[in-house]
Amino acid sequence: MVVDLKDINKQKLEKLLQKQLKSSKRYIIAPVDIKLLKKHRIDVKSFAKDLKKEKANYTVLKNLGFKAKTLKSAGFDIKELKEIGFNASNLRELDFNALELYHAGYSASDLKDAGYTARRLKEIGINLKNL
């Protein structure tokens, strides 16, 4: 479904978003993104919560342009954030620690790329053979 969003108002946009939430196909109303939602003063965090509740496809969340911080505050856990496509550096900025990141599926190499030292990883019991 393609919608012309040039002259859309907040009420029409909210109606389209509700339709998206209720759609069994979970389509994306192109080119809706976070910038458009903010422009029309739509609560991005609430919309993220609605998408989580409706079990929206992670591709939808990624294509809308959500930031990891917004999704975390909307209730997404570390494993969901990883599945959506956020890297270890993104999640480290949200105060997840190295052990949490490792248990969520990030490799020792991912954690090193996120700024953790080999010494720190070894201290918390992460195998460094694959570094």
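**Helix α3 and the nonpolar core**

Let me begin just past the end of a helix, with K55, which follows α3 and has a positive phi, near 55 degrees. Please keep in mind throughout that what we are looking at is a predicted model.

Staying with α3, which covers residues 44-53, I would point you to V44, F47, A48 and L51, since these are buried in the helix. If you look down the axis of α3, its buried residues fall within an arc of 100 degrees, and so they line one face of the helix. What do the buried residues of α3 pack against? Their partners are α1 (10-22), α2 (34-39), α4 (58-64) and α5 (68-73). At the other end, where α3 starts, a side-chain oxygen of D43 comes to within 3.1 Å of the backbone nitrogen of K45.

Turning now to the core, the largest nonpolar one has 41 residues, and those with the most contacts inside it are L37, F66, L71, L91 and L101. Let me take L71 as an example: leaving aside residues up to four places away in sequence, L71 touches A48, which brings us back to α3, and also L61, F66, F76, L81, I84 and F86.

Finally, a word on the aromatic rings. How many aromatic pairs does the structure hold? The count is zero, but there are rings with a charge over them: the charged end of K72 sits over the ring of F96, 4.6 Å from its centre, while the charged end of R92 sits over the ring of Y116, at 3.9 Å from the centre of that ring.

Technical notes: Residues numbered from 1 in each chain as written. Predicted model: local features only at pLDDT ≥ 70, side-chain atom pairs only at ≥ 80, totals over all residues. Heavy atoms only, no water. Buried < 20%, exposed > 50% of the residue type's maximum accessible area, 1.4 Å probe, protein only. Helix = DSSP H or I, 4+ residues; strand = E, 2+ residues; numbered from the N terminus. Arc of directions from axis to C-beta. Contact = heavy atoms within 4.5 Å. Polar contact = N/O pair within 3.5 Å; in protein donor to acceptor, adjacent residues only side chain to side chain. Core = buried A, V, L, I, M, F, W, Y, C linked by side-chain atoms within 4.5 Å. Phe/Tyr/Trp six-rings, centres within 6.5 Å; stacked < 30°, edge-to-face > 60°. Lys NZ or Arg CZ within 6 Å of the ring centre and 35° of its normal.
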